[in-house]
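Please read the following report alongside the sequence and the coordinates. It moves from the overall make-up of the assembly to individual strands, helices and residues.

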Amino acid sequence: MRPAVELSHVSKLYRRFARLRQLKTLKGAVVRDLWRRPKLPAASKFNVALKDVSMSVAPGVTAGIIGLNASGKSTLLRVIAGITKPTSGSVTVSGKVSTLLEVGAGFHPEISGRENIYINGAILGLPKRQIRERFDDIVRFAELEEFIDYPVKTYSSGMFMRLGFSIAVNVDPDVLLIDEVLAVGDAVFAQKCYEKLYDYKRRGKTIIMVSHDLGAIRRLCEEVAWLHHGKLMEYGEAGHVIGKYMEEVTHGELKRYAQEHKKSVEVMATIKSEKLPAPGGEKLPYKVVAPAKPVQPAKRWGTREIEITSVVMRDRDGEERYVFSCGETVFIEIAFEARKRIEGPVFGIGIFRTDGVWCYGTNTMIDGVKVESVAGRGEIAVKLKSLPLLSASYYLDVAAHSANDHPYDYLNRLFTFAVRSDRPEMGVFRPEHEWIIDVQAPEVPGR
Amino acid sequence: MIGSIVSIYRHRALVGALVSRELKARYRSSLLGMLWSFINPLLLMAVYATVFMVFLRFGMPKYASFLLAGLLPWIWFSSSINDAAVSIVSGGNLIKKVMFPAEILPLVSVLTNLVHYLLSLAILIPFVAIYGAPKPEQILGPTLAESAPSNPIWLVASFLLVMIIQFLFTYGLALALAALTVHLRDIQHIVLNLTTLWFFGSPIIYPVAQLSSTKVPTLLKRLAVDYNPIAYLVVAHHKIFLCRIAPSFMVLMAMLGAAFVVFYLGYLVFDKFRDSFAEEV
């Protein structure tokens, strides 16, 4: 069977620089750069949006396109729709295509919903007769019966989107292209949209959709294409490709946080200690100040009789890692060097969410752990049996000070780590919990 | 180009819908609505008539009729190209999000203004009939004005031909400007000012006859009359609506040929840049 959509070796380059840099004069613009056949300039002048993409979608298949931002998803849809031409390669589409790249593209705010339906329908390629036949369906689907004769500018954004979506799905194409527009209106309408798409699927239409909502992709699509920097990484069965994609995303995040930590370690050596807080009964900022600003620059203060030389986080298996899942066991290792013999030092940690919420803080003294004395190099570690924080980025602060609050070395807002959770819980942390269900069965009347 | 014409024909319903959208949207929520199509040219005519008859004491009798006859084709032309210059840039949503032939957008600008032009002709004819017109020699000069009034059928036919000529000329220019503006937004401002110069350089507020009797340098005279396509169109309107003389067949054919060349060149420019619209808009 002929595929509904076939791409073979499709590449797309965009010019990187704004015209202004290239075109100094009007004459130059017309004569030099635009009129003559553009020679292929050095590769660096171009952004590669798509790189040698080949795939074919069989009729009746719903295919999802996933990938990070700027991976070429929307460009791919536009190339399939014929809105932009590929720089090289070929695209074949059999059947009538309808695009839903933007809801309500071409609506004119000054004229009524009714007139906009006719115009938008014409733009999407529907003959007037068919629009007239489907007019009532379109209006009913959009739930705009009472407002259809008011100018579109009086519509709420939800009404606007409902109308746009309703027209597009009523075009009844063979191939429907959708770009991240299913976030339309309220939950009830979104449900209707999904039902419409299921209906399309049942009738054997081909759908190609771009979405960041992996849940929606999983529900709707049999096949998924994963784009990364314009390259087709994987195309095939949905669950398999989504799995691979998730793996890569997680892997990327791990790497990013590990790099972040390495950078922090480099920074740590370069930060000079700030001035000591005035001696006396005054409390130290570390203890007093709940951070006011969401993100503060990294700070370091203290006399450095004990100097913290490295901070490492590890998972239960001793693997160095800076992304954890909620509830994991975490080790925090602090290496230090004492210039002279110090009696009874105190080591502490603090965890702040990046928006400034102080999530937790403790030290050896609070926990009743006595460090007798230190001299030279040493290491102290704290094991968090369970890190119950919810999905977010956090700062890890570490400190060494004396029992009467004389600071040796404070590292503040320097190290970061992240917690990832696949449950949509809300708040700061997850207390260990369980639900106890004791519901009485409703009485059945007449028994 | 044939393919382009075919695809416009296939999208004729869309062209119609877009033109009616423009017409409806322009006067929407104004009290007089479509009446503005009649009132606008009349008001503009009144402004110039006041300036030239009251302040500058311009001596032509029935000057208002003369002004109106020249203003109408000019308004069609200048509004069309000024609208068309930004048509693709401001229609960016359609170009980027929907697949449809881009040449429709400048066409819609030209056609929308054609509708206004046709409506305003319905004012011109009774206006000239009631108010009267200057004598042919006052408009065209003594040499050109000798021919007798033409046969009405030929008069109407020549008018239709003039409209076709003006349409081709305007659309050609509109295509080129629309495409170039996508790449160089400066063009819309240049066009706006050039049309003002073009207006005063064309025999709209003064008759051709006036120009030949003054001490204007010959080169400028030739630029304003002989090498100015708008001058031919305006003079054709003067002849047809004020003097009831049809322009000569040869002149019309030459104009048609020239208009077609402009249209074709404009189309070439447009076609050259077509593929870049979706990326540059």
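The sections below describe a predicted model, beginning with the overall make-up of one chain.

## Overall make-up of chain A

Chain A contains 10 helices and 18 strands, and 33% of its 447 residues count as buried. When contacts in chain A between residues at least 6 apart in sequence are considered, 76% of them join residues that are at least 24 apart.

## Where chain A touches chain B

The contact between the two chains involves 27 residues of chain A and 21 residues of chain B. On the side of chain A that touches chain B, the elements giving two or more residues are α2 (26-35), α3 (73-81) and α4 (113-123) of chain A, and α4(A) gives the most, with 5 residues. Sorted by class, this side of chain A has 15 nonpolar, 5 polar and 7 charged residues.

## Nonpolar cores

In soluble globular proteins, nonpolar side chains tend to be buried together. Here the largest nonpolar core has 149 residues, and those with the most contacts inside it are Leu177(A), Ile208(A), Val224(A), Leu177(B) and Ala178(B). Leaving out residues up to four places away in sequence, Leu177(B) touches Ile81(B), Ala84(B), Ala85(B), Ile187(B) and Val191(B).

A second core, separate from the largest one, has 33 residues, with Phe324(A), Phe336(A), Leu387(A) and Val419(A) included in it.

## Helix α10 of chain B

Two of the residues touched by Leu177(B), namely Ile187(B) and Val191(B), are buried residues of α10(B), as is Trp198(B). This helix covers residues 186-201 of chain B, and its 16 residues reach 23 Å from the first C-alpha to the last, close to the 22 Å expected at 1.5 Å a residue.

How are the buried residues of α10(B) arranged when seen down its axis? They fall within an arc of 40°, so they line one face of the helix. The cover over these buried residues includes α4 (63-85), α9 (152-183) and α13 (229-243) of chain B, whereas on the other side of α10(B) the residues Asp186(B), His189(B), Asn193(B), Thr196(B), Leu197(B) and Phe200(B) are exposed.

## Strand β17 of chain A and its partners

Strand β17 of chain A, residues 392-402, is mostly covered, with 8 of its 11 residues buried. It is joined by 9 bridges to β14(A) (residues 345-353), and the two strands run antiparallel; within this pairing, Ile351(A) has Leu396(A) as its bridge partner. β17(A) also pairs over 9 bridges, again in the antiparallel sense, with β18(A) (residues 407-420), where Ala418(A) stands opposite Ser393(A).

One of the residues in β17(A) is His401(A). Is His401(A) buried or exposed? It is buried, because 23 other C-beta atoms lie within 10 Å, and the threshold for burial is 20 or more. Apart from neighbours within four places in sequence, His401(A) is in contact with Val346(A), His406(A), Pro407(A) and Tyr408(A). His401(A) and Arg304(A), although 97 residues apart in sequence, are 9.4 Å apart in space, C-alpha to C-alpha.

## Two residues with positive phi

Most residues other than glycine have a negative phi, and most peptide bonds are trans. Asp405(A), which is not a glycine, nevertheless has a positive phi of about 70°. This residue lies in the loop between β17 and β18 of chain A, in a hairpin that has 4 residues between the strands. Asp405(A) counts as partly exposed because it has 16 C-beta neighbours inside 10 Å.

Asp52(A) likewise has a positive phi, near 50°, in a residue other than glycine, but Asp52(A) is found in a strand, β2 (residues 46-57) of chain A. With 15 C-beta neighbours inside 10 Å, Asp52(A) also counts as partly exposed.

## Strand β1 of chain A between its partners

The strand that holds Asp52(A), β2(A), pairs with β1(A) in the antiparallel sense over 8 bridges, and in this pairing Leu50(A) of β2(A) is the bridge partner of Lys12(A). Strand β1 of chain A, residues 5-15, is also joined by 5 bridges to β4(A) (residues 88-93), with the two strands running antiparallel. In that pairing, Ser11(A) stands opposite Ser88(A) of β4(A).

Terms used:
Residues are numbered from 1 along each chain as its sequence is written. Chains are lettered from A and ligands numbered from 1 in the order in which they are written. This is a predicted model: local features need pLDDT of at least 70, side-chain atom pairs count only at pLDDT 80 or more; totals for chains, interfaces and linings use all residues. Two residues are in contact if their C-beta atoms, placed from the backbone, lie within 7 Å. Ala, Val, Leu, Ile, Met, Phe, Trp, Tyr, Cys and Pro count as nonpolar, Asp, Glu, Lys and Arg as charged, and the others, Gly among them, as polar. A residue is buried if 20 or more other C-beta atoms lie within 10 Å of its own, exposed if 12 or fewer, and partly exposed in between; C-beta atoms are placed from the backbone. Two strands pair if DSSP finds at least two bridges between them. A nonpolar core is a set of buried Ala, Val, Leu, Ile, Met, Phe, Trp, Tyr and Cys residues joined through C-beta atoms within 7 Å. The expected span of a helix is 1.5 Å times one less than its number of residues. The arc is that of the directions from the helix axis to the C-beta atoms.
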